[in-house]
Amino acid sequence: MVSENKVAIITGSARGIGKGCALALAEAGYNILIHDYIDDASIQKAKETVEEIKKLGVDAINFNCDIADLSKHKELFQVALDRWGRVDCLVSNAGVSVMHRGDILDVTTESFDRCLKVNTRATFFLLQECAKVFMAQPKTDAKRTIVVISSSNAEMVSIDRSEYCVSKRANSMVARLFALRLIKEGVAVYEIRPGLIMTEMTAPSKAKYDKLIAEGMVPEGRWGYPKDIGITVRAMAEGLLPYTCALAVPIDGGMSLPNY
Ligand code: NAI
């Protein structure tokens, strides 16, 4: 049986930006697959997020795997197909920061490889698998959607986390490549470039960024929140940006706008 509700899969959605996207899509009536990492804390958080989403009146389940383990990607989609018979939206959000911030001259191969493996390689093959799943489903009037969460570092240079910048710049190209390949298949691919969003990823640098925001680094004068990203993801999934392809949307309170 095919669910009447549309279905969204959001990677890395037990917490943070991914959870913000999941809540926004659930509020729009989507059934949600919450995906996250395989450690006990992430599984527990994923289950709690599932319960929170069910309270919004839609169905939700969790599936945990290391997104860098490409052999799990098929199963990720299959779990949603088995439960609901359809997938309409993928948000590729799971990502990691650097192992240590510091000089580009000190970047380790370990941290470089981890950024590329999780942020770029996994995204590329996840989109490839998603494309196959979408193309195997009957075409609908509504576009199916893929949203890649990259970063303001797809454009802006931060030399204290250079390997992350490299991975996110590449992440952006992954979105562009699949956008062009899939547009004729009725699939819209977008990219979102978050700026400073208050999550566990940015928590270690909170004091530093509180000060920089107060000094004017973010023209809007505040941190971003996962909800800010969720609202745009929802608009993308709902087809509110017609005749666009590979649109990359900065959600950063104006931080990336060149100015003087
Ligand atoms: P977060 O660290 O709070 O959440 C990331 C989630 O992804 C976590 O639940 C984590 O367990 C999961 N995850 C990480 N690696 C995984 C893997 N290998 N397999 C499965 N799950 C994995 O981070 P946040 O801030 O919510 O970031 C989400 C995305 O947004 C990331 O791609 C990040 O690079 C990007 N981003 C975040 C910004 C921010 O200011 N918070 C700014 C720009 C981009």
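The following legends describe close-up views of a predicted model.

**View 1. Polar contacts between the ligand and the side chains of R15, D36 and T199.**
The ligand is surrounded by 29 residues, of which R15, D36, N93, Y164 and T199 come nearest. In the side chain of R15, an N or O atom lies 2.7 Å from an oxygen atom of the ligand. For D36, a polar side-chain atom is placed 2.5 Å from a ligand oxygen atom. The side chain of T199 likewise has an N or O atom 2.5 Å from an oxygen atom of the ligand. On its own the ligand has 810 Å² of accessible area, and the protein covers 94% of this area.

**View 2. Composition of the shell around the ligand.**
Three elements give two or more residues each to this shell: helix α1 (16-27), strand β2 (31-36) and helix α5 (162-182). Sorted by class, the shell has 13 nonpolar residues, 11 polar residues and 5 charged residues. Y164 is one of the residues that come nearest to the ligand.

**View 3. A nonpolar surface patch made by I104, L105, V157 and I159.**
The patch formed by these four residues has an area of about 480 Å². I159 belongs to the loop between β5 (144-149) and α5. This residue counts as exposed because its relative accessibility is 60%, a value over the 50% limit for that class.

**View 4. N153 and its side-chain contact with R161.**
N153 is found in the loop between β5 and α5, the loop that also holds I159. N153 counts as buried because its relative accessibility is 5%, whereas I159 counts as exposed. The side chains of N153 and R161 are joined by a polar contact of 3.1 Å.

**View 5. V166 in helix α5.**
With a relative accessible area of 40%, V166 is partly exposed. P250 lies 84 residues from V166 along the chain. The C-alpha atoms of V166 and P250 are separated by 17 Å.

**View 6. Positive phi values at Y243 and A246.**
Most residues other than glycine have a negative phi. Y243, which is not a glycine, has a positive phi of about 60 degrees. A246, also a residue other than glycine, has a positive phi near 60 degrees. Y243 is placed in the loop between α7 (226-237) and β7 (248-251), and A246 likewise lies in the loop between α7 and β7. The two residues fall into separate accessibility classes: Y243 is exposed, with a relative accessible area of 88%, while A246 is buried, with a relative accessible area of 18%.

**View 7. The salt bridge between K72 and E75.**
The closest N and O atoms of this pair are 3.9 Å apart, a distance that satisfies the 4 Å limit for a salt bridge. K72 counts as partly exposed at 31% relative accessibility, and E75 counts as partly exposed at 38%. By the rule applied here, the count for the model comes to 19 salt bridges.

**View 8. The salt bridge between D160 and K208.**
The side chains of D160 and K208 meet with an N to O distance of 3.6 Å. D160 lies in the loop between β5 and α5 and K208 in helix α6 (residues 206-214), so this pair ties together parts that are 48 residues apart in sequence. D160 is partly exposed, with a relative accessible area of 22%. K208 counts as partly exposed at 40% relative accessibility.

**View 9. The salt bridge between D210 and K206 within helix α6.**
In this pair, the closest N and O atoms are 2.7 Å apart. Both D210 and K206 lie in helix α6, where 4 residues, about one turn of the helix, separate them. D210 is partly exposed, with a relative accessible area of 30%, and K206 is partly exposed as well, with a relative accessible area of 34%. Elsewhere, salt bridges that share partners join R101, D160, R161 and K208 into one network.

Terms used. Residues numbered from 1 in each chain as written. Predicted model: local features only at pLDDT ≥ 70, side-chain atom pairs only at ≥ 80, totals over all residues. Heavy atoms only, no water. Near = heavy atom within 4 Å. Polar contact = N/O pair within 3.5 Å; in protein donor to acceptor, adjacent residues only side chain to side chain. Areas by Shrake-Rupley, 256 points an atom, 1.4 Å probe, with all protein chains shown as cover. Nonpolar A, V, L, I, M, F, W, Y, C, P; charged D, E, K, R; others polar. Patch = residues over 30% accessible without salt bridge, like charges linked within 9 Å, V, L, I, M, F, W, Y side chains within 5 Å. Buried < 20%, exposed > 50% of the residue type's maximum accessible area, 1.4 Å probe, protein only.
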